[in-house]
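The following paragraphs lead through one protein chain, from its overall fold to a handful of individual residues. Please keep the sequence and the model in view while reading.

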Amino acid sequence: MELKLALKVDDLDNVATIFANGIVDGTQVEVRDKKGNSEIMTVIGDVPYGHKIALRDIAKGEPIMKYGESIGAASHDIRKGEYVHVHNLDAMRGRGDL
């Protein structure tokens, strides 16, 4: 069986983007980075194509890093492999209050 793919774009990233359909809780994915490294991870939650998973445990309040930039902060503790989206991420871009 061929593993589904997720990509870590920048060394600072603590999330990877899923590039596969049918990712459900317990699916194993291969996370690759631009240096050619790869790691097999088990996904926690159902993750749509193009969405993110945590590459490591992320504590509440910690920045979520994608493409080498902060895209928000964890609103809850997030486990390695867990789906990262609006249910556990407070977006900081475009809010106007910072």
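In this predicted model, the secondary structure of the protein consists of 9 strands and 0 helices, so that the order read along the sequence is β-β-β-β-β-β-β-β-β. The C-alpha trace spans about 50 × 30 × 20 Å along its principal axes. For a chain of 98 residues, a compact globule would be expected to have a radius of gyration near 13 Å, and the value of 13 Å found for the protein agrees with that expectation.

The same chain can be described by its burial and by its contacts. Buried residues account for 39% of the 98 residues, and among the contacts with a separation of 6 or more, 46% are made by residues 24 or more positions apart. The accessible surface of the protein comes to about 5,700 Å², and carbon and sulfur atoms contribute 51% of it. As for charge, the protein carries 13 positive and 16 negative charges, and the mean positions of these two sets are 2 Å apart.

How many aromatic pairs does the protein contain? The count comes to 1 aromatic pair. It is formed by F19 and Y49, whose ring centres are 5.9 Å apart and whose planes stand at 90°; because planes over 60 degrees apart count as edge-to-face, the pair is assigned to that class. This pair links distant parts of the chain, since F19 belongs to the loop between β2 (15–18) and β3 (28–33), whereas Y49 belongs to the loop between β4 (38–42) and β5 (52–54), 30 residues apart. F19 has a relative accessibility of 36% and therefore counts as partly exposed, and Y49, with a relative accessible area of 47%, is likewise partly exposed.

The loop between β7 (69–74) and β8 (83–84) holds H76, and E82 is also found in the loop between β7 and β8. Are these residues buried or exposed, or does each fall in between? H76 counts as partly exposed, at 45% relative accessibility, while E82 counts as buried because its relative accessibility is 15%, and buried means under 20%. Apart from neighbours within four places in sequence, H76 is in contact with I58, A59, K60, H87 and N88; for E82, with the neighbours within four places again left aside, the contacts are I44, K52, I53, A54, D77 and N88. N88 thus appears among the contacts of H76 and among those of E82. Distances between C-alpha atoms add to this picture: H76 and L89, 13 residues apart along the chain, are separated by 7.6 Å, and E82 and V15, 67 residues apart along the chain, are separated by 9.5 Å.

Two further residues complete the tour. Y67, placed in the loop between β6 (63–66) and β7, has a positive phi of about 60° although it is not a glycine. M92 lies in the segment after β9 (89–91) and counts as partly exposed, at 30% relative accessibility. The C-alpha atom of M92 is separated by 9.6 Å from that of P63, a residue 29 positions away along the chain.

Definitions and conventions:
Residues numbered from 1 in each chain as written. Predicted model: local features only at pLDDT ≥ 70, side-chain atom pairs only at ≥ 80, totals over all residues. Heavy atoms only, no water. Helix = DSSP H or I, 4+ residues; strand = E, 2+ residues; numbered from the N terminus. Rg over C-alpha atoms; globule rule 2.2 N^0.38 Å. Buried < 20%, exposed > 50% of the residue type's maximum accessible area, 1.4 Å probe, protein only. Contact = heavy atoms within 4.5 Å. Areas by Shrake-Rupley, 256 points an atom, 1.4 Å probe, with all protein chains shown as cover. Lys, Arg positive; Asp, Glu negative; His and termini not counted. Charge placed at Lys NZ, Arg CZ, Asp CG, Glu CD. Phe/Tyr/Trp six-rings, centres within 6.5 Å; stacked < 30°, edge-to-face > 60°.
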